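Biologist: I would like a close look at a single part of this protein, taken slowly and with its surroundings included. Please go through it in one connected account.

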Amino acid sequence: MEELRFRQIHMDFHTSEKILSVGERFDGERFASTLEAARVNSVSCFTRCHHGMMYYDSERFPEMVHPGLKNKNLLQEQIDACHKRGIRVPVYTTIQWDYHMSRMHPDWCCLTADGGSWISVEKRRARFMSLDFIVHFVSIIQSTGSF
């Protein structure tokens, strides 16, 4: 097994669906060269964020692609540019914090004992525990297999 990389970044990338120009001016070479100059050798990039939006053009889940994603190859360009410089790119996806799914399937949300809202930070940590959600999540993971 290869050694764990020394300088790693988890690039937090949670972007509301109200942002209309995601990735529009992304420059993969500039992105990767900045990481390289900082001696980063591993950076996690997002397939999906806590808003439930995807950062690639998903054929299987087009309704989950960020509506403001101008660069439909954003994730792939991040990966390719980094790989050219030997920078690893593990991909991240959200599991239980998913605003989009909570609106599409409120029946999948965990609620307080008195049926209260799951909106607060304390209550949304473990939102989705139904079997239907787990099946859906597995299909999302399978759709990211090319990354």
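Where is Arg 39 found, and what lies around that part of the chain?

Modeller: Please keep in mind that this is a predicted model. Arg 39 is found in the loop between H1 and S2, and at 68% relative accessibility Arg 39 counts as exposed, because exposed means over 50%. Its backbone deserves a remark, since Arg 39 has a positive phi of about 60° although it is not a glycine. Most residues other than glycine have a negative phi. Arg 39 follows H1, and that helix is the natural place to go next.

At the start of H1, the backbone nitrogen of Glu 29 has a side-chain oxygen of Asp 27 within 3.1 Å. Within the helix, the buried residues are Gly 28, Phe 31, Ala 32 and Leu 35. Seen down the axis of H1, these buried residues fall within an arc of 90°, so they line one face of the helix. The background to such a pattern is that an α-helix has 3.6 residues a turn, so residues three or four places apart point the same way. The face of H1 turned away from the buried side carries Arg 30 and Ala 37, which are exposed, whereas the buried residues of H1 pack against S1, S2 and H2.

One of the residues in S1 is Ile 9, and its contacts lead back to the region where we began. Leaving aside residues up to four places away in sequence, Ile 9 touches Leu 35, Val 40, Ser 42, Val 43 and Ser 44; of these, Leu 35 is one of the buried residues of H1. The C-alpha atoms of Ile 9 and Val 40 are separated by 7.2 Å, while the two residues are 31 residues apart along the chain. Ile 9 itself is not fully covered, for at 35% relative accessibility it counts as partly exposed.

Beyond S1 the chain enters the loop that runs to H1, and two residues of that loop are worth following. Glu 17 has its place there, and with a relative accessible area of 19% Glu 17 is buried, because the cut-off for buried is under 20%. Its contacts, again not counting residues up to four places away in sequence, are His 51, Met 53, His 66, Pro 67, Tyr 99 and Arg 103.

The other residue is Phe 13, which belongs to one of the aromatic pairs, and the count of these comes to four. The rings of Phe 13 and Tyr 55 have their centres 4.8 Å apart and their planes at 75°, so this pair is edge-to-face. Phe 13 lies in the loop between strand S1 (8–10) and helix H1 (28–37), and Tyr 55 in the loop between strand S2 (42–46) and helix H2 (74–84), so the pair ties together parts that are 42 residues apart in sequence. As for their surroundings, Phe 13 is partly exposed, with a relative accessible area of 23%, whereas Tyr 55 is buried at 1%.

Both of these aromatic residues also help to line the largest cavity, together with Met 11, Phe 46, Leu 74, Leu 75 and Gln 78. That cavity has a volume of about 30 Å³, and the count of cavities of 30 Å³ or more comes to one. H2 gives the largest share of its lining, three residues, and H2 is also among the elements against which the buried residues of H1 pack.

Methods:
Residues are numbered from 1 along each chain as its sequence is written. This is a predicted model: local features need pLDDT of at least 70, side-chain atom pairs count only at pLDDT 80 or more; totals for chains, interfaces and linings use all residues. Side-chain values use heavy atoms; hydrogens and water are left out. Rings of Phe, Tyr and Trp (its six-membered ring) pair if their centres lie within 6.5 Å; planes under 30 degrees apart count as stacked, over 60 as edge-to-face and the rest as tilted. Helices (H or I, at least four residues) and strands (E, at least two) are DSSP runs, numbered from the N terminus. Buried means under 20% relative accessible area, exposed over 50%, partly exposed in between (1.4 Å probe, protein chains only). The arc is that of the directions from the helix axis to the C-beta atoms. Contact means heavy atoms within 4.5 Å. A polar contact is a pair of N or O atoms within 3.5 Å; within protein, one must be able to donate a hydrogen and the other to accept it, and residues adjacent in sequence count only if both atoms are side-chain atoms. On a 1 Å grid over the protein atoms alone, a cavity is a set of points where a 1.4 Å probe fits but cannot get out, and a pocket is an open set with protein on both sides within 12 Å along at least five of seven lines; lining residues have an atom within 4 Å of a point. Grid points are joined across faces, edges and corners, and a volume is the space filled by probe spheres set on the points.
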